[in-house]
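Let's take a friendly walk through this protein chain together. Have a look at the model below, and then we can start with one of its strands.

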Amino acid sequence: MGKLVIVGTVAFDAIETPFGKTDKILGGAGTFIGLAASNFNIDSSVVSVVGGDFPQEYLDLMSKRHIDVSGIEIVKEGKTFFWSGKYHNDMNSRDTLITELNVLADFEPKVPETYKDSEVVMLGNLHPLTQMSVLNQMTTKPKLVILDTMNFWMDCALEDLHNTIKHIDVITINDEEARQLTGEYSLVVAARKIHDMGPKYVVIKKGEHGALLFHDDNVFYAPALPLEEVFDPTGAGDTFAGGFAGYLAKTGDYSFENMKTAVIYGSTLASFCVEKFGTERMQNLTDKEIYKRLDQFKSLTQFDIELT
């Protein structure tokens, strides 16, 4: 079982969907990734920054899930990163209402000494230079580096993003971002172009339509589990990434075949995340619930056919 270091935001979110709205609640990419990865009983650490307004109970919550929080810097005189958004009726599109960087504006990640030899590094969605600074702190070369990014960095830090992408093994982005990064509409062609940028594996997330995994000429598709209702999609992509990274860190097997299973685990955990606001559903998720849903996934995708 390998160690996993996660860099990403630990934040406040305020969310409005057709099902209701919240005041400030626990959010952030690092939080969702960490909570998802914690289901694999691995040695993980979240590297982030929060302000003096961040409740101790949220840090305790992560600690109880066996997430090391020593890499979360607390700037006592500062305020925690805050994002507010409103989802449209189709739940696939949203409007950002408020973004307050606060302490994140000057964030310089500091990987705890005991995690600088981590086998797996999960670079959550942050500025590419911030992501690269984490890799530069590792004392031994990680066996697997996973990077998540978004179209914002493609708009304002494309050169830095290209430079960071050269140093990673897996990239996880959504279909819109893959098309923007490559200028290609076909996701197969886009994945091939991204391969040429450096990553050995490309994961393209398609929301309610599942996820695609590309490696050389191999392609694997995992559907999303059909749900009766999606309550809040916030953090689903990060939860997917956390499940994906957590499973790989637990097994230590970074082959294409094992990554297929990692994609299924990621999709399974993301299907729980959307059932309630914010991190609420992920905070008390049980192994029994996960295995039951994995069985549903298996039934959804398994079939016998005679080819004559």
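## A strand on the inside

In this predicted model, the side chains of strand E11 go in two directions: Leu144, Ile146 and Asp148 point one way, while Val145 and Leu147 point the other way, and all of them are buried. With five of its five residues buried, E11 (residues 144–148) is largely enclosed by the rest of the structure.

Which strand runs beside E11? Strand E10 (residues 120–123) is joined to E11 by four bridges, and the two run parallel. If you would like a pair to look for on screen, try leucine 123, whose bridge partner in E11 is leucine 147.

## The chain as a whole

Stepping back, you will find 11 helices and 15 strands in the protein chain. Its radius of gyration is 18 Å, close to the 19 Å given by the globule rule for 308 residues, so the chain is as compact as a globular protein of that length. Along the principal axes, the C-alpha atoms fill a box of roughly 70 × 45 × 40 Å.

Buried residues make up 56% of the 308. Of the contacts between residues at least 6 apart in sequence, 65% join residues at least 24 apart. On the outside, the chain exposes about 14300 Å², with carbon and sulfur atoms supplying 49% of that area. As for charge, there are 28 positive and 44 negative charges, and their mean positions lie 3 Å apart.

## One loop, two settings

The loop between helix H1 (29–37) and strand E5 (43–51) is home to serine 38. Is serine 38 buried or exposed? Serine 38 has a relative accessible area of 9%, and because anything under 20% counts as buried, it falls in that class. Beyond its neighbours within four places in sequence, serine 38 is in contact with Arg65 and Ile67. Serine 38 and glycine 246 are 208 residues apart in sequence, yet their C-alpha atoms are 7.2 Å apart in space.

Asparagine 41 also has its place in the loop between H1 and E5. At 53% relative accessibility, asparagine 41 counts as exposed.

## Two asparagines with positive phi

Most residues other than glycine have a negative phi. Asparagine 41 has a positive one, of about 50°, although it is not a glycine.

Asparagine 102 likewise has a positive phi, near 50°. You can find asparagine 102 in the loop between strand E9 (94–100) and E10. Asparagine 102 counts as partly exposed, at 29% relative accessibility.

Definitions and conventions:
Residues numbered from 1 in each chain as written. Predicted model: local features only at pLDDT ≥ 70, side-chain atom pairs only at ≥ 80, totals over all residues. Heavy atoms only, no water. Rg over C-alpha atoms; globule rule 2.2 N^0.38 Å. Buried < 20%, exposed > 50% of the residue type's maximum accessible area, 1.4 Å probe, protein only. Contact = heavy atoms within 4.5 Å. Areas by Shrake-Rupley, 256 points an atom, 1.4 Å probe, with all protein chains shown as cover. Lys, Arg positive; Asp, Glu negative; His and termini not counted. Charge placed at Lys NZ, Arg CZ, Asp CG, Glu CD. Pairing = 2+ DSSP bridges.
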